[in-house]
Amino acid sequence: MNKIAVLTGGGDCPGLNAVIRAVVRSANQYGLEVLGIKDGFHGAVEGDFIPLSLADVSGILPRGGTILGTTNRDNPFQYITKVNGVDQPLDRSEDVLENLKEAGVDALLAIGGDGSLNISLKFADKGFPVIGIPKTIDNDLMATDQTFGFQTAVETAQEALDRLHTTAESHHRVMILEVMGRYAGWIALYAGVAGGADVILIPEIPYNLSRIAYSVQQRAKQGKKFSIIVVAEGAKPSGGEMVVERLFSDRSDPVKLGGIGSKLGDDLEKHFGLETRVTVLGHLQRGGSPNSYDRVLASRYGVAAVDAVLEGKFGIMVALQGREIVQVPLHQAVDQLKLVPLNDPLLITARAMGIEMGD
Ligand code: F6P
């Protein structure tokens, strides 16, 4: 092994640069060269590679985003290519393998979520040495206790809840905060508990509007004339269809941000006369500097991925289990999404504190 390549795929996330930095620093200790692939799998198809030296990664630890760029559109197995002036999805995976070979790359480190790791698994199945590094603020990847970026997103949402509390209390309003989480309610659950929410709505538990209104009214009767509701973007009313589809491409079915928060607010006003205001936190959760937890986790993942290269362990993902970073088969991470189980300890804690979960 002489040369490795690293890419960041899918939606960005605080801590991506911390991983890249750890990979380069650790590889440097062992005399491995590192190439960065620009804009995720787009650069892999187009052969857009840049050398990454220690100088290139100096000072990037606290920076949000990714110095390599990313895109959640490009899948080499269905790569939109112009054929006779018409866009067509073509299998360009052989181009990727050709580009990697030409650049002398011995192994690929793919930092990504469900979509990018699925693509990585396909390259592993084609025999290319691939190592996955789990990323997503949604924390919905299997086989790892946590993805980096999640804790920072939770902190951002909790800070928003702290701010909403004061204005909610002053105006005697119901404040709804919509957070990310298309399929899994991890951010809503953790931020909701940390931020003292009265109602937490997650995709895993279809909600009943009357229950929410009842709990708001009960609080009002007890003198609390305001309520704070956290709703994950993928939450649905009961009776509404709740579809949790397997994703192949990270972004094949984007959820329109602001959809469920506004609907919930409208419904509470219309059916129960509750004055509500809605805040959609959106991409604020993805931007900005990673917190210390995510910087440490990202650095550990980066070093562990280089260790795996040196051990010749491929087709795996580095993962956090307990306090240890371990190697798990890549397919375990992407076979299904990690939803919040109904017996999750924090869910039980939330209920025990009287937080309304909407069911
Ligand atoms: O990374 C996943 C996620 O944070 C989802 O919760 C959200 O739906 C999505 O990204 C939005 O991504 P974008 O608008 O960048 O496609």
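This section describes the domain layout of a predicted model and then the surroundings of helix H4 and strand S6.

The domain assignment divides the protein into domain 1, made of residues 3-148 + 290-334, and domain 2, residues 154-286. Domain 1 is thus assigned as two segments of the chain, whereas domain 2 is given as one. A distance of 33 Å separates the C-alpha centres of domain 1 and domain 2. Contacts between the two involve 17 residues of domain 1 and 14 residues of domain 2. On the side of domain 1 that touches domain 2, there are two nonpolar residues, 10 polar residues and five charged residues.

Helix H4 comprises residues 93-102, and its buried residues are Ser93, Val96, Asn99 and Leu100. These four lie on the same side of H4, because the arc they cover around the axis is only 120 degrees. The face turned away from this buried side carries Glu94, Lys101 and Glu102, which are exposed. Cover for the buried residues of H4 comes from elements that include two strands, S1 (3-8) and S6 (107-112), and two helices, H2 (41-46) and H5 (114-125). Just after H4, the backbone at Gly104 adopts a positive phi of about 75 degrees.

Strand S6, one of the elements covering H4, is itself largely enclosed by the rest of the structure, since six of its six residues are buried. In a regular strand, side chains alternate between the two faces of the sheet. In S6, one side holds Ala107, Leu109 and Ile111, and the other holds Leu108, Ala110 and Gly112. Residues on both sides are buried, so that neither face of S6 is left uncovered.

The pairing of S6 involves strands S1 and S7. S1 pairs with S6 in the parallel sense, over five bridges. Strand S7, residues 130-134, also runs parallel to S6 and is joined to S6 by five bridges. Ala110 takes part in both pairings: this residue is the bridge partner of Leu7 and stands opposite Gly132 in S7. Ala110 is also among the buried residues of S6.

The link from S6 to S7 includes helix H5, and S6, H5 and S7 together form a β-α-β unit of right-handed sense. Two members of this unit, S6 and H5, are among the elements that cover the buried residues of H4. S1, the other strand named in that cover, is paired with S6.

How values were computed. Residues are numbered from 1 along each chain as its sequence is written. This is a predicted model: local features need pLDDT of at least 70, side-chain atom pairs count only at pLDDT 80 or more; totals for chains, interfaces and linings use all residues. A residue is buried if 20 or more other C-beta atoms lie within 10 Å of its own, exposed if 12 or fewer, and partly exposed in between; C-beta atoms are placed from the backbone. The arc is that of the directions from the helix axis to the C-beta atoms. Two residues are in contact if their C-beta atoms, placed from the backbone, lie within 7 Å. Two strands pair if DSSP finds at least two bridges between them. A crossover is right-handed if, with the strands pointing away from the viewer, the path from the first strand over the helix to the second runs clockwise. Domain bounds come from an automatic or database domain assignment. Ala, Val, Leu, Ile, Met, Phe, Trp, Tyr, Cys and Pro count as nonpolar, Asp, Glu, Lys and Arg as charged, and the others, Gly among them, as polar.
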